[in-house]
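User: I have a structure open here and would like to talk it through with you. Could you take me through the details, starting with a single residue pair and working outwards?

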Amino acid sequence: MKLEKGDLLRDYKRWLKSYLRNAKHREVSKNSMIIYQRVFSKLEIFISEQDEAEKLSEVDKEFILSFLEYFEENSKVEQFSTKTKTLYISVLKSFFIYISDNNDDFYTYEKEFKGIMPKKANRQKKIKYLKDSDVKTLLDYLNNGLMENRHYAYIHSLGVKLMLFSGLRVSEVLSITLQDIVVSDLKNSEEENDFYEINLRDTKSKEEQTALIRIEHIEKEIDYFNSLQAEDEYIFRAKGSKNRINRSNFYVSVSNIMSKLNIKGRGLHILRHTCAMQLFRKTGNLLVLKETLRHSDIKTTMIYAHAEKRDIAEAMR
């Protein structure tokens, strides 16, 4: 493709169309595409309003920095976190490197991104997870809701437990149907089938994966949904609807529950972290933890392998 055919905005749209088409064929995840659209829509507005560059070849480091400042100033937060800024720069770099690799004029943008990436966050930073007392408080609340037989109590209870006891991501949870949850052929010492196997299709790696969860943890919830809907329907949907619950709505609902219970931990990923930390504390086995969390690289799993004060004290005892 020719690097330039007209003004900056026209060429930007032309290259963006090609880039997104390529991303689609690479099967980029839905969540990544949402982030792409957020960054690129803001960039289009910035290009329309700015007067720093008129052509694609005039986009330089100052242009990129000006856009990031504009993006930050027009966001809902006062300041982007290092992680957010790194993510947005990575998206921009991916787009402009795509142009570098595919234009007929051998024009490159590599130098524009040298030195603007924030310093990497400390990988030794503590993982946030729920205290044992918080887990008990949360589970007591969820189980009380089941006793009252409220539909959304079952929705919240099953979703939280799948993340807390099986380490699932929220995107994986919301994509589950009843036919994805089957009794495993694994047996305990008393020759009883004590696990469900969960078939996961909407995974981060885009590959089908399997997770395990003790039957006793979610048996009541599964019985409820089995009495309510067909096996091939999404579990996590509003009563009477066939559409999945929106990820943001589920986040807000669970966050409100945790706030009501005075649990300080925020976000849904803290439940997956809690699962990981509990499992590592009980087993000390990184390989088991890696397979449970379904990490492709054990280096990712290593962030959970640090000793807490109580672990040190117990060892000293």
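Analyst: This is a predicted model, and a good place to begin is valine 182, which stands opposite glutamate 197 in strand 2.

User: OK, and how many bridges join strand 1 to strand 2 there?

Analyst: Strand 1 and strand 2, the latter covering residues 195-200, are joined by 3 bridges, and the two strands run antiparallel.

User: What does the sheet as a whole look like, and in what order do the strands come?

Analyst: The sheet is open and is formed by 3 strands in the order 1-2-3, with antiparallel pairing. Strand 1 (181-183) and strand 3 (209-214) are the edge strands, each of them pairing on one side only. From one strand to the next, the twist averages 30°.

User: Which strands does helix 6 touch?

Analyst: Helix 6, residues 151-166, packs on the sheet and touches strand 2 and strand 3, and its direction makes about 100° with that of strand 3. Helix 8, residues 215-226, also packs on the sheet, where it touches strand 1, strand 2 and strand 3, and its direction makes about 95° with that of strand 3.

User: Let's switch to the start of the chain. At what angle do helix 1 and helix 2 pack?

Analyst: Helix 1 (residues 8-25) and helix 2 (residues 30-49) pack at an angle of about 175°, and their axes are 10 Å apart. That angle is why helix 1 is described as roughly antiparallel to helix 2.

User: And what kinds of residues make up that contact, by class?

Analyst: By class, the contact of helix 1 with helix 2 has 12 nonpolar, 2 polar and 2 charged residues. On the helix 1 side they include Leu16, Tyr19 and Leu20, while those in helix 2 include Tyr36, Phe40 and Ile47.

User: I see plenty of rings around there. How many aromatic pairs are in the whole structure?

Analyst: A search of the whole structure finds 23 aromatic pairs. One of them is formed by tyrosine 19 and tyrosine 36, a tilted pair with 5.9 Å centre to centre and 40° between the planes. This pair links distant parts of the chain, since tyrosine 19 lies in helix 1 and tyrosine 36 in helix 2, 17 residues apart.

User: Are those two tyrosines buried or exposed?

Analyst: Tyrosine 19 and tyrosine 36 are both buried. Another tilted aromatic pair is formed by phenylalanine 46 and tyrosine 70, with 5.3 Å centre to centre and 45° between the planes. Here phenylalanine 46 in helix 2 is linked to tyrosine 70 in helix 3 (residues 61-73), 24 residues apart, and both phenylalanine 46 and tyrosine 70 are buried.

User: Which residues form the aromatic cluster?

Analyst: Tyr19 and Tyr36 belong to one aromatic cluster, and among its other members are Tyr12, Trp15, Phe40, Phe95, Tyr107 and Phe113.

User: Changing topic, what is phi for phenylalanine 106?

Analyst: Phenylalanine 106 has a phi near 60°, a positive value in a residue other than glycine, and it lies in the loop between helix 4 (82-102) and helix 5 (132-147). Phenylalanine 106 counts as exposed because its relative accessibility is 72%. Glutamate 191, which is not a glycine either, has a positive phi of about 60° and sits in the loop between strand 1 and strand 2. At 57% relative accessibility, glutamate 191 counts as exposed.

User: Last one: how much of the chain is buried?

Analyst: Buried residues make up 42% of the 317 residues in the chain, whose secondary structure comes to 13 helices and 3 strands.

Definitions and conventions
Residues numbered from 1 in each chain as written. Predicted model: local features only at pLDDT ≥ 70, side-chain atom pairs only at ≥ 80, totals over all residues. Heavy atoms only, no water. Pairing = 2+ DSSP bridges. Helix = DSSP H or I, 4+ residues; strand = E, 2+ residues; numbered from the N terminus. Axes fitted to C-alpha atoms, helices over the stretch in contact; angles between N-to-C directions. Contact = heavy atoms within 4.5 Å. Parallel < 35°, antiparallel > 145°, perpendicular 65-115°, else oblique. Nonpolar A, V, L, I, M, F, W, Y, C, P; charged D, E, K, R; others polar. Phe/Tyr/Trp six-rings, centres within 6.5 Å; stacked < 30°, edge-to-face > 60°. Buried < 20%, exposed > 50% of the residue type's maximum accessible area, 1.4 Å probe, protein only.
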